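Biologist: Please take a close look at one part of this model, the salt bridges and their surroundings. I should like a connected account that moves from there to the strands and cores.

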Amino acid sequence: FNLDLLLSTNYIGNSFLVKNTFGAQVGWFDEAVESAFCYDFLLKSVEQQANIHHLPKALVISHVSDTFIPIAIGTGTLSFASNVSDTLEVSDTNSVVSNYLKRNDIAATISRDKTTNATIINRTTDEDQLVSIIIPFRDNVDLLEKCVDSILEKTLDRDYEILLIDNNSVEPATVDYLKNITKQYGFIKSHAFSEAFNFSKINNWAVQFAKGDFLLFLNNDTEVIGEEWLTEMLSHCQRKEVGAVGAKLLYPDNTIQHAGIILGIFGVAEHSHKYFHEESKGYFNRPNLLQNVTAVTAACMMTKKATFEEVGGFDETTFPVTLNDVDFCLKLREQGQLIVYTPHAKLYHYESKSRGAESTKEKKQRAMQEIKTFRQKWAHLIEKGDPYYNPNLSYYSTDYQLAIE
């Protein structure tokens with residue numbers, strides 16, 4: 001069950017089975033919202049802590065826009081199936097979501113995505129909430145400068161600090177840049193981490209300098225695209241039930257680098273909709289909809305400082321370079337916390353341009369060992385399959401192909 005996806009669009013649709021006693025408890029259907037009465041009932045059911053179960057079987061066929069989409073009817077308190085197009089009238093949908101926000105005392109405004117017609121919930125944030133942006137780097141000052149400049153130019157109406165973590169830079173241009181940028185901006189600090197590269201250890205070490213209650217781990221090979229990116233991520237990270245928030249990351253050619261992570265792809269984990277064009281609808285618009293996912297990449301990930309410290313941060317011993325972010329998210333999920341992917345925070349990610357790809361024999365051996373350890377540690381979850389990924393889809397691709405036995 002995906003609450004944030006349901007608040008974006010009625011992905012359950014209008015075919016579901018409900019216990020009669022439970023329907024009476026919820027109050028059945030509200031005629032005032034007309035075309036959205038099923039959507040309204042579903043959101044009210046969530047508030048009653050309904051036991052919601054999905055049967056991944058093609059038991060009902062819905063004919064939408066000349067395309068046959070299989071959906072299912074199952075058993076449980078409230079059962080549903082696969083995604084269907086949202087054909088509800090906008091006014092009714094707005095009323096349903098607005099009423100949900102009011103009933104749950106959520107301070108927010110709503111708008112509609114012009115491309116997907118999905119609901120966008122703009123949650124209110126406290127202007128005094130400080131976000132500590134942690135950026136590890138080693139030389140490549142042109143990349144770092146582009147990253148920092150994009151933050152300074154695009155980030156509006158948000159209190160933040162930037163911690164630049166220097167991991168053994170040697171170029172004079174880097175020294176000059178750090179001296180000038182920290183002198184020009186008092187909220188930008190530089191700290192030197194002189195040990196060998198260990199992504200997990202660098203970030204864990206840097207947290208001690210963070211003054212904010214919220215941490216944003218950001219790669220130096222990223223570039224902010226939209227002005228509301230930081231506020232958008234914070235608006236969800238501030239929620240008590242949310243452990244981490246990830247952004248939509250694009251390659252320079254405007255194809256998707258990250259739209260959430262699917263556990264179990266290729267036996268480990270991989271980014272959803274990788275290499276799809278940014279404007280692509282993908283699988284039922286999933287790349288363009290706010291939703292809960294199993295994990296997000298630490299190339300741009302926000303979490304609460306208290307939460308980060310509570311679960312022990314990144315595992316710097318077992319996962320020094322790769323899979324530390326997925327491991328971190330799975331630790332959060334084991335505590336019952338949600339991981340949120342938002343497409344409304346977008347950045348370019350020039351992947352591996354700073355550190356380089358896993359090209360040497362040593363790097364390949366280290367990567368294989370981390371993969372092996374990850375598969376052993378999380379075998380019980382990998383075997384079950386990603387709870388946000390339909391079991392009829394392939395675990396040997398990221399493009400949501402049907403699985404072929």
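Modeller: D4 and R239 are both buried. In this predicted model, the two residues form a salt bridge whose closest N and O atoms are 3.0 Å apart. The pair connects distant parts of the chain, for D4 belongs to helix α1 (residues 3-8) while R239 sits in the loop between α8 (229-237) and β13, 235 residues apart. R239 also meets the side chain of E241 in a salt bridge, again with an N to O distance of 3.0 Å. D4, R239 and E241 are thereby linked in a network of salt bridges. The two partners in the second bridge differ in their cover: R239 counts as buried because its relative accessibility is 6%, under the 20% limit, whereas E241, at 31%, counts as partly exposed. The whole structure contains 10 salt bridges by this search.

Another of these pairs involves strand β13 itself. The side chains of E278 and K248 meet at 3.2 Å, N to O. This pair, too, links distant parts of the chain: K248 lies in strand β13 and E278 in the loop between β16 (269-271) and β17, 30 residues apart. K248 is buried, with a relative accessible area of 1%, and E278 is buried as well, at 15%.

Strand β13 (residues 242-250) leads on to β19, to which 8 bridges join it in the parallel sense. Within this pairing, L249 stands opposite L347 of β19. Strand β19 has further partners. Strand β17 (residues 291-293) pairs with it antiparallel over 3 bridges, and V293 stands opposite I339 there. β12 is also antiparallel to β19, again through 3 bridges, with Y348 as the bridge partner of E223. Strand β19 (residues 338-349) is mostly covered, 9 of its 12 residues being buried.

The loop before β12 also reaches this strand. N219 lies between β11 (214-218) and β12 (222-224), and it counts as buried because its relative accessibility is 18%. Beyond its neighbours within four places in sequence, N219 is in contact with I135, C147, F199, A298, A299 and H349.

Both β13 and β19 also contribute to the nonpolar interior. The largest nonpolar core has 40 residues, and those with the most contacts inside it are I134, F217, M301, V326 and F374. The elements that give two or more residues to this core include β13, β19, β11, β9 (160-166), α7 (199-206) and α10 (324-334). Of these, α10 supplies the largest share, 5 residues. For F217, the contacts beyond neighbours within four places in sequence include I134, A298, A299, M301 and F314. Apart from this core lies another, of 38 residues, with V141, I162, L338 and V340 among them.

Elsewhere, helix α3 offers a further case of cover. It is largely enclosed by the rest of the structure, because 9 of its 11 residues are buried. Among these are C38, Y39, D40 and F41. After α3 comes Q49, which has a positive phi, near 55°. The surface beside this helix is nonpolar in part: W28, F29 and F37 form a patch with about 260 Å² of accessible area together. F29 lies in the loop between α2 (20-26) and α3 (37-47), and its relative accessibility of 37% is why it counts as partly exposed.

Key:
Residues numbered from 1 in each chain as written. Predicted model: local features only at pLDDT ≥ 70, side-chain atom pairs only at ≥ 80, totals over all residues. Heavy atoms only, no water. Patch = residues over 30% accessible without salt bridge, like charges linked within 9 Å, V, L, I, M, F, W, Y side chains within 5 Å. Areas by Shrake-Rupley, 256 points an atom, 1.4 Å probe, with all protein chains shown as cover. Salt bridge = Lys/Arg side-chain N within 4 Å of Asp/Glu carboxyl O. Helix = DSSP H or I, 4+ residues; strand = E, 2+ residues; numbered from the N terminus. Buried < 20%, exposed > 50% of the residue type's maximum accessible area, 1.4 Å probe, protein only. Contact = heavy atoms within 4.5 Å. Pairing = 2+ DSSP bridges. Core = buried A, V, L, I, M, F, W, Y, C linked by side-chain atoms within 4.5 Å.
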